Structure formats: structure tokens, C-alpha cells
Amino acid sequence: MTVTEETAPASHYDRIGGASSVKAAVELFYDKVLVDPALAGYFADVNMPGQRRHLTLMLTAVLGGPNEYAGRGLAEAHQPLNIPVEHYVKVGEHLIVTLTELGVPADILADVQTVLGQVQDQVVAAGNRPGV
């Protein structure tokens, strides 16, 4: 008699190639954001190696990889920046374009877009939200 193991489906993190793929996505993403004139100013006084590390840890967790993020919450980090919804949307577009360029499957892109929608109110300044 043989015993078969049921294996858990691979996480999005594993499906895209794990740590090296997430790191590559973060590098390419910030390459795009930092040349976008509407967004670059947010990062003028930011420690970019630290910022890239934070996003790598956060994106790893979002994709179902190991959750080792211990930084500030999204609202705490972003509310003081008074980010309008238009800039949030641009950041999301850069992320989706980046992931698409790296060959991330459509179902994972859709899940990332869902998460972006779920956390928007934590990032966009209260006075800049539609309907507020």
C-alpha cells in the first residue's frame, strides 16, 4: 500500500519564484516610481535601501510568503504624506505593470489588485478619498 500526501497549493510567493523574484519586482517597481514626476517627491528624503527592504517584506507577506514585516502600519507610514487618490492609483499601476513585465500570472495580478483596493483607505489621506 502507498500513502499519498496531500500537498497545499503553492503560494503566490512560491509560484512567482520566491525571494529573488519579489526582490527583482521591488527593484524594478522603484525604478519606475522614482522617475515618475508625480511620485518621486515622496521619496526625496527617504532611505531607499530601507524602503526597498520594507516593501520586499510587505510584498512577500501579501503574496503568501514568510511574514517577517515588523515596520510601521500602512496608515501610520502614509497618512502624514497627504497622498491623493490619483497618486495611489499611479503607484498601483506601476506595481501591476512591473509584475506584468516580470511574467506574473493573471490570477496573482488580480489578487494584488484586490489587496491594493483593500488598503487604499490606509494610504490615501482622509480628505483626498472619493466621497469624503
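This is a short tour of a predicted model, going from helix to helix and ending at a loop.

Before you click, some ground rules: residues are numbered from 1 along each chain as its sequence is written, and side-chain values use heavy atoms, with hydrogens and water left out. Local features need pLDDT of at least 70 and side-chain atom pairs count only at pLDDT 80 or more, while totals for chains, interfaces and linings use all residues.

**Stop 1: α2 and α5**

Select residues 19–33, helix α2, and residues 85–101, helix α5. Helices here are DSSP runs (H or I, at least four residues), numbered from the N terminus. The axes of α2 and α5 come within 9 Å and cross at roughly 135°. Each axis is a line fitted to C-alpha atoms over the stretch in contact, and angles run from 0 to 180 degrees between N-to-C directions. The pair is therefore oblique; under 35 degrees would count as roughly parallel, over 145 as roughly antiparallel, 65 to 115 as roughly perpendicular, and the rest is oblique. The crossing of α2 and α5 is right-handed, that is, the near helix is turned clockwise from the far one by less than a right angle.

Now show side chains. On α2, the contact (heavy atoms within 4.5 Å) uses Ala25, Leu28, Phe29, Lys32 and Val33, and on α5 the partners include Val91, His94 and Leu95. By class, this contact has eight nonpolar, two polar and two charged residues. Ala, Val, Leu, Ile, Met, Phe, Trp, Tyr, Cys and Pro count as nonpolar, Asp, Glu, Lys and Arg as charged, and the others, Gly among them, as polar.

**Stop 2: α2 and α3**

Keep α2 and add residues 48–62, helix α3. The α2 and α3 axes come within 9 Å, crossing at roughly 130°, so this pair is oblique. Again, the crossing is right-handed. Among the contact residues are Val22, Phe29 and Tyr30 of α2, with Met48, Leu55 and Leu59 of α3. Seven nonpolar, three polar and four charged residues make up the α2–α3 contact.

**Stop 3: His54 and His78**

Stay on α3 and pick His54. An unreviewed UniProt entry lists His54 and His78 under "binding site"; such annotations may be inferred rather than shown by experiment. The two are spread over 25 residues of sequence, yet they cluster in space, with a largest C-alpha distance of 13.3 Å.

**Stop 4: α5 and α6**

Return to α5 and add residues 106–123, helix α6. Their axes come within 11 Å and cross at roughly 160°, so α5 and α6 are roughly antiparallel. This crossing is right-handed too. Leu95, Ile96 and Leu99 are among the α5 residues that meet α6, where Leu109, Val112 and Leu116 are included. The contact holds 10 nonpolar, four polar and no charged residues.

**Last stop: Asn82**

Finally, select Asn82, in the loop between α4 (74–78) and α5. What is the phi of Asn82? It is positive, about 55°, although Asn82 is not a glycine. Most residues other than glycine have a negative phi.

Note on methods. Helices (H or I, at least four residues) and strands (E, at least two) are DSSP runs, numbered from the N terminus.
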